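Student: I am new to reading protein models. Could you walk me through one, feature by feature?

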Amino acid sequence: MERRLGFVGIIVDNRQRSAPAVNTVLTDYGGIIVGRMGMPYARKSCCVITLIVDAGTDELGALTGKLGALEGVSVKSALGKQITKHEV
């Protein structure tokens, strides 16, 4: 499976209700997460999480599918193009 660098954006509408389930999913997929940043946004009563991932399309789809199925969670993702050694 081809692995590529990408990102995931997550918005959690109700932090108290949904954060434990989000953290469980992120822990389950910790092997593909390169970096994570989470910020509460009090004005909108939500939390925004960004992830940098190194994953294949199947792994990323499984992660985002599980997150998107959680109540009050919105998720978007993208993978970059494959970089060959001569492009670096």
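Tutor: Happily! Let us begin with a hairpin: β2 and β3 form one, with 4 residues between them, and S45 in the turn has a positive phi of about 55 degrees. Strands here are DSSP runs of E with at least two residues, helices are runs of H or I with at least four residues, and both are numbered from the N terminus. Two strands count as paired if DSSP finds at least two bridges between them.

Student: Before we go on, what kind of model is this?

Tutor: This is a predicted model, in which local features need pLDDT of at least 70 and side-chain atom pairs count only at pLDDT 80 or more, while totals for chains, interfaces and linings use all residues. Residues are numbered from 1 along each chain as its sequence is written, and side-chain values use heavy atoms, with hydrogens and water left out.

Student: Thanks. Where does S45 lie, and is S45 buried or exposed?

Tutor: S45 lies in the loop between β2 (33-41) and β3 (46-55). Buried means under 20% relative accessible area, exposed means over 50%, and partly exposed is in between, using a 1.4 Å probe and protein chains only. With a relative accessible area of 53%, S45 is exposed. The positive phi of S45 is found in a residue other than glycine.

Student: How do strands hold together in a sheet?

Tutor: The general idea is that strands of a sheet pair through backbone hydrogen bonds, either parallel or antiparallel. In this model, β2 and β3 pair in the antiparallel sense over 8 bridges, and Y41 stands opposite C46 in β3.

Student: What is the order of the strands in the sheet?

Tutor: The order is β2-β3-β1-β4, an open sheet of 4 strands with antiparallel pairing. Its edge strands are β2 and β4 (73-79), each of which pairs on one side only. From one strand to the next, the twist averages 15 degrees; for such angles, axes are lines fitted to C-alpha atoms, for helices over the stretch in contact, and the angles run from 0 to 180 degrees between N-to-C directions.

Student: How many bridges does β1 make with β3 and with β4?

Tutor: β1 and β3 pair over 9 bridges, in the antiparallel sense, and L5 stands opposite D54 in β3. Another 7 bridges join β1 to β4, which also run antiparallel, and there V8 has S77 in β4 as its bridge partner.

Student: You mentioned L5. Which residues join L5 in a surface patch?

Tutor: V34 and I52 do: together with L5 they form a nonpolar patch on the surface, with about 290 Å² of accessible area. Patches are made of residues with over 30% relative accessible area and no salt bridge, joining like charges within 9 Å and nonpolar side chains (Val, Leu, Ile, Met, Phe, Trp, Tyr) within 5 Å. The areas come from the Shrake-Rupley method with a 1.4 Å probe, and for residues only the protein chains shown count as cover. L5 belongs to strand β1 (residues 4-12) and is exposed, at a relative accessible area of 54%.

Student: How many salt bridges are there?

Tutor: The structure holds 3 salt bridges, where a salt bridge is a side-chain nitrogen of Lys or Arg within 4 Å of a carboxyl oxygen of Asp or Glu. One of them links R3 with E59, the closest N and O atoms being 3.0 Å apart. R3 lies in the segment before β1 and E59 in helix α2 (residues 57-68), so this pair ties together parts that are 56 residues apart in sequence. R3 counts as partly exposed at 34% relative accessibility, and E59 counts as partly exposed at 21%.

Student: And what about R17?

Tutor: R17 forms a salt bridge with E71, with the closest N and O atoms 4.0 Å apart. R17 is in helix α1 (residues 15-28) and E71 is in the loop between α2 and β4, so the pair ties together parts that are 54 residues apart in sequence. R17 is partly exposed, with a relative accessible area of 44%, whereas E71 is exposed, at 59%.

Student: How many disulfides does the count come to?

Tutor: A disulfide is a pair of cysteine sulfur atoms within 2.5 Å, and the count comes to 0. C46 is in no disulfide; its nearest cysteine sulfur, that of C47, is 7.3 Å away. C46 is buried at a relative accessible area of 14%, and C47 is buried at 10%.
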